[in-house]
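This report walks through selected helices, a loop residue and an internal cavity, and is meant to be read alongside the sequence and the coordinates.

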Amino acid sequence: MIRNNWKQDEVENIYNTPLLELIYKAATIHREFNDTAEVQVCTLLSIKTGGCSEDCAYCPQAARYHTNVEVQPLLKKEDVLKYAGKAKAAGSTRFCMGAAWREVRDNRDFDRVLEMVKEVNSMGMEVCCTLGMLTESQAKKLADAGLYAYNHNLDTSAGYYEEIITTRTYEDRLRTLDNVRNAGVTVCCGGIIGLGERHEDRIKMLHTLATMPQHPESVPINALVRIKGTPLENNPKVDVWDMVRMIATARILMPATMVRLSAGRTEMSVAEQAMCFMAGANSIFAGDKLLTTPNPTFEEDIMMFQLLGLKPREAFKAEKLMEHFEHAPVAP
């Protein structure tokens with residue numbers, strides 16, 4: 001049963017379930033709603049890097065922090081399409097383009113992004129963008145160009161948010177998500193653990209996601225990548241069992257959602273990633289970089305898939321399953 005009326009204490013009880021029992025419950029639900037051998041392979045490319053005016057404490061692209069990220073202007077369309085072709089050949093079915101902007105502006109750069117979206121869409125890939133805040137009219141332009149998904153993470157709970165970001169509000173994030181929904185684009189929205197938040201903040205973030213009128217089609221679960229020069233560079237490494245617990249809880253709360261094992265995989269063994277897949281993860285980012293942070297190579301992921309008996313999920317499969325889930329029982 002798909003529910004959007006979870007109470008926070010219910011989410012807390014699920015999250016605090018003894019770990020092996022939690023994994024078992026999540027795996028059972030995962031098997032009911034998904035092909036557990038399928039993993040959506042996504043590729044994320046930074047099409048405009050650095051120089052961002054935001055103060056996200058985890059991000060090396062913020063102009064105010066002294067990191068090794070070099071500011072680069074918007075890439076040429078030809079270079080983006082070349083990378084998308086390489087990603088598709090390696091098994092990716094979703095291609096996400098990220099720009100270090102606080103918000104989308106109606107200018108030539110946005111027009112160029114719209115052209116990129118059209119071209120990648122014509123390659124038969126699901127096209128995703130993460131460009132910061134955007135209006136409903138801008139979201140509709142992206143939809144008309146063929147955008148399939150828009151990523152805009154909550155990052156953490158509403159209560160802890162101001163400890164991490166002060167240059168925009170939690171309400172700004174939610175407003176952008178509403179604009180995306182109203183434009184008919186699917187939502188990719190998750191968060192980061194390891195920011196210094198409490199378990200209560202993780203529970204509250206998952207509760208916010210699971211009680212949206214429509215669950216996000218994709219929920220990325222990121223482990224903080226500690227980058228020298230950012231305020232969080234000395235935070236402790238995220239424990240793999242915290243990642244497993246987050247993924248399992250998300251799977252139980254949002255059975256039909258793609259739960260993405262995202263940033264932090266370079267610090268995880270294949271065995272640890274396998275536990276995340278068992279707990280309900282069915283999406284990853286492939287390629288040697290996630291915007292500006294390291295990620296396993298295509299070759300490493302191919303070897304992992306072969307070892308674990310996984311296969312890439314075909315593009316646009318969610319559309320084929322949509323009718324089934326629309327008729328699935330929904331709690332009153």
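Which helices and strands do the buried residues of helix H9 pack against? In this predicted model, the partners are helix H2 (19-33), strand S1 (38-48), helix H8 (240-253), strand S8 (258-261), strand S9 (283-286) and helix H10 (298-308).

## Helix H9

Helix H9 spans residues 270-278, and its buried residues are Gln273, Cys276 and Phe277. Viewed down the axis of H9, these buried residues fall within an arc of 100 degrees, so they line one face of the helix. Just after H9 comes Gly280, whose phi is positive, at about 125 degrees.

## Helix H10

In helix H10, the buried residues are Phe298, Asp301, Met304 and Phe305. Seen along the axis of H10, they lie within an arc of 120 degrees, and therefore they line one face of that helix. Glu299, Met303, Gln306 and Leu307, on the other side of H10, are exposed.

The buried residues of H10 pack against H9, and also against S1, helix H3 (77-89), S9 and strand S12 (311-312). S1 and S9 also appear among the elements that the buried residues of H9 pack against. Just after H10, a positive phi of about 75 degrees is taken by Gly309.

## Two buried residues of helix H6

Helix H6 covers residues 170-182 and includes Asn179, and Thr176 has its place in H6 as well. Asn179 is buried, with a relative accessible area of 13%, while Thr176 is buried with a value of 2%.

Once residues up to four places away in sequence are set aside, Asn179 touches Leu134, Thr135, Glu136 and Ala139. With Leu134 there is also a polar approach, in which the side chain of Asn179 reaches the backbone oxygen of Leu134 at 2.9 Å. Thr176, leaving aside its neighbours within four places in sequence, is in contact with Leu134 too, together with Gly132, Met133, Tyr150 and His152.

## Asp155 in the loop before H6

Asp155 lies in the loop between strand S4 (149-151) and H6, and it is buried, with a relative accessible area of 2%. Its phi is near 75 degrees, a positive value in a residue other than glycine. As background, most residues other than glycine have a negative phi.

## Val120 in helix H4

Val120 belongs to helix H4, which runs over residues 108-122. Is Val120 buried or exposed? At 0% relative accessibility, Val120 counts as buried, because the cut-off for that class is under 20%.

Not counting residues up to four places away in sequence, Val120 touches Leu81, Ala84, Phe95, Met125 and Val127. Asp55, by contrast, is 65 residues from Val120 in sequence and 31 Å from it in space, taken from C-alpha to C-alpha.

## The second largest cavity

Rolling a probe the size of a water molecule over the atoms shows where empty space is left. A search of the whole structure finds two cavities of 30 Å³ or more, and the second largest cavity holds about 80 Å³ of space.

The second largest cavity is lined by Ala223, Leu224, Lys237, Val238, Val240, Met243, Gly264, Glu267, Met268 and Glu272. By class, the residues of this lining divide into six nonpolar, one polar and three charged. Glycine counts as polar in this grouping, and Gly264 is one of the lining residues.

Definitions and conventions: Residues are numbered from 1 along each chain as its sequence is written. This is a predicted model: local features need pLDDT of at least 70, side-chain atom pairs count only at pLDDT 80 or more; totals for chains, interfaces and linings use all residues. Side-chain values use heavy atoms; hydrogens and water are left out. On a 1 Å grid over the protein atoms alone, a cavity is a set of points where a 1.4 Å probe fits but cannot get out, and a pocket is an open set with protein on both sides within 12 Å along at least five of seven lines; lining residues have an atom within 4 Å of a point. Grid points are joined across faces, edges and corners, and a volume is the space filled by probe spheres set on the points. Helices (H or I, at least four residues) and strands (E, at least two) are DSSP runs, numbered from the N terminus. Buried means under 20% relative accessible area, exposed over 50%, partly exposed in between (1.4 Å probe, protein chains only). A polar contact is a pair of N or O atoms within 3.5 Å; within protein, one must be able to donate a hydrogen and the other to accept it, and residues adjacent in sequence count only if both atoms are side-chain atoms. Contact means heavy atoms within 4.5 Å. The arc is that of the directions from the helix axis to the C-beta atoms.
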